[in-house]
Amino acid sequence: MRIFKFGGASVKDADSVKNVAEILKATEDKNIVVVVSAMGKTTNLLENVIAEYLKNNTATCNEFVTTFKEYHLEIVNELFENTNHLIYQKTAKLFDKMVSFLKVNKSKNHAFVYDQVVGYGELVSSTIVSEYLTEFGLKNELLDVRKCIITDDNHRDASVDWKITQQKISEKVNTSGLSVTQGFLGSENTNNFTTTLGREGSDYTAAIFAYCLNAESVTIWKDVPGVLNADPRYFTKTLLLNRISYREAIELAFYGASVIHPKTLQPLQRKEIPLFVKSFLNPTASGTCVGKGDRIDPETSCFILKKDLVLISLSSLDFSFMMEDNIGDVFKWLYTYKMKVELIQNSAISFSVCVNDKFGNLERLLAKLREKFRVKWNENVTLYTIRHFNPTEVKALAENKNVLLKQESKETVQLVIKE
Ligand SMILES: Nc1ncnc2c1ncn2[C@@H]1O[C@H](COP(=O)(O)OP(=O)(O)O)[C@@H](O)[C@H]1O
Ligand SMILES: N[C@@H](CC(=O)OP(=O)(O)O)C(=O)O
């Protein structure tokens with residue numbers, strides 16, 4: 001049994017969906033679970049629907065809904081010649097369900113509404129991919145992942161209930177055929193409402209299936225040749241990493257190498273299931289293999305960056321030390337306001353923390369911190385991380401940049417830079 005994950009870029013238009021079918025056709029193994037994400041940038045589009053909906057901007061919300069429908073219908077029109085094909089009814093049903101949720105919903109809980117709406121990206125894309133594979137001659141079963149992955153009710157960042165999920169996946173997945181399912185989604189155990197596993201969480205979905213099915217491997221198909229030693233969006237010279245250890249991959253993903261979702265690696269490492277990162281543009285190339293061991297091949301420095309972070313610097317109002325009690329309070333509030341902590345540094349009377357304000361709570365956090373500390377902050381900072389650095393590279397990176405903070409350990413240098 002193998003797990004293949006196709007992300008937004010690999011199903012962004014009709015040609016890409018056709019390419020997915022070609023990749024599956026060329027694979028000798030027929031026992032595959034295919035995990036698909038929403039097409040292209042659909043999740044961003046649905047985030048706009050939700051934002052406008054919650055602001056009661058009905059006209060703008062409806063415009064985004066129309067764009068969502070038209071985008072998918074254009075892909076369907078190109079994929080299916082028969083205008084009476086069942087796919088038209090199936091997609092129309094999903095569109096109607098989404099719209100009627102928006103009509104009848106009374107909840108103002110952003111995270112809850114978000115999960116109920118954003119999930120339609122994956123529900124529509126998996127339906128189109130599954131129907132197209134059938135049309136193409138690849139018999140498959142469309143699985144509702146919400147009947148397989150069971151989570152708590154922490155909407156937008158739900159945690160998996162591994163015991164029930166294991167049981168459900170074993171029951172629902174036909175291990176001798178091709179299944180297509182949705183990435184990113186789960187459902188609440190108590191009432192079946194849709195939950196999501198965090199943005200870009202479909203890689204993690206693939207790892208959950210792999211873990212529960214004791215899969216032979218996971219392959220995530222990307223628009224890059226594999227894991228590179230630097231983010232190709234920001235660095236012109238990059239090198240393909242042929243092989244990396246789980247530990248190295250966890251570190252890279254944690255520091256922000258967005259090619260692999262950080263939660264993906266732990267379940268795979270626990271069962272020593274290899275992860276292949278391959279190019280859907282060049283499927284026969286070997287890509288990157290993440291597996292056992294402790295090295296990276298080739299041995300090289302890796303450059304990662306995270307943008308749009310906030311650096312908060314605190315000092316005590318009365319010149320007292322920043323000790324356990326003060327720091328304990330800071331962490332309690334960071335947790336309460338759902339800040340993702342990227343880096344911390346402290347001295348006797350000051351404490352700096354670089355955070356990702358994923359849920360838009362910065363103002364509230366700052367207000368709370370001001371009750372107890374002198375607070376300074378810088379928005380829109382970038383955190384650069386260099387693993388296996390050499391000093392010349394660090395110097396070159398920092399040149400002509402406004403470095404607000406630097407932290408160095410044996411293997412890693414991190415710089416917080418105001419661009
Ligand atoms: N170290 C890296 N190696 C390769 N790609 C990277 C790296 N860091 C960031 N990326 C970015 O990750 C993208 C692929 O991941 P992602 O956008 O999540 O794909 P998908 O949504 O299709 O699954 C690449 O297009 C690339 O811009
Ligand atoms: N569609 C979701 C989940 C996901 O993982 O997408 P992708 O595989 O395209 O990163 C998102 O954009 O967050």
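How do the residues of the shell around ligand 1 divide into nonpolar, polar and charged? The first legend takes this up.

**View 1. The shell around ligand 1 in a predicted model.** Seven residues of the shell are nonpolar, five are polar and five are charged. In total, 17 residues surround ligand 1. Gly7, Ala9, Leu228, Asp231 and Val259 come nearest to the ligand.

**View 2. The whole chain, for orientation.** Twelve helices and 18 strands make up the secondary structure of the chain. The C-alpha trace spans about 75 × 55 × 40 Å along its principal axes. The radius of gyration is 23 Å; for 419 residues a compact globule would have a value near 22 Å, so the two agree. Buried residues account for 41% of the 419. Take the contacts between residues at least 6 apart in sequence: 72% of them join residues at least 24 apart.

**View 3. Helix H7, residues 202-213.** The helix has twelve residues. From first C-alpha to last, H7 reaches 17 Å, close to the 16 Å expected at 1.5 Å a residue. Past the end of H7 comes Asn214. The phi of Asn214 is positive, near 50 degrees.

**View 4. The cover over H7.** H7 is mostly covered, with eleven of its twelve residues buried. The buried stretch begins with Ser202, Asp203, Tyr204 and Thr205. Ala206, Ala207, Ile208 and Phe209 are buried too, as are Ala210, Tyr211 and Cys212. In an α-helix, residues three or four places apart point the same way, because there are 3.6 residues a turn. Which elements cover the buried residues of H7? Among them are three strands by name: E1 (2-6), E2 (32-36) and E8 (217-222). Helix H6 (162-172) and helix H9 (265-270) also belong to the cover.

**View 5. The open sheet E4-E6-E7.** Three strands form this sheet, and their pairing is mixed. Strand E4 (150-151) and strand E7 (194-196) stand at the edges. Each has a single partner strand, so one side of each is left without a neighbour in the sheet.

**View 6. The pairing of E4 with E6.** Strands of a sheet pair through backbone hydrogen bonds, either parallel or antiparallel. In which sense do E4 and strand E6 (residues 185-188) pair? The sense is parallel, and the pairing runs over two bridges. Ile150 stands opposite Ser187 in E6.

How values were computed
Residues numbered from 1 in each chain as written. Chains lettered and ligands numbered in written order. Predicted model: local features only at pLDDT ≥ 70, side-chain atom pairs only at ≥ 80, totals over all residues. Helix = DSSP H or I, 4+ residues; strand = E, 2+ residues; numbered from the N terminus. Rg over C-alpha atoms; globule rule 2.2 N^0.38 Å. Buried ≥ 20, exposed ≤ 12 C-beta atoms within 10 Å, placed from the backbone. Contact = placed C-beta atoms within 7 Å. Near = placed C-beta within 6 Å. Nonpolar A, V, L, I, M, F, W, Y, C, P; charged D, E, K, R; others polar. Expected span 1.5 Å × (residues − 1). Pairing = 2+ DSSP bridges.
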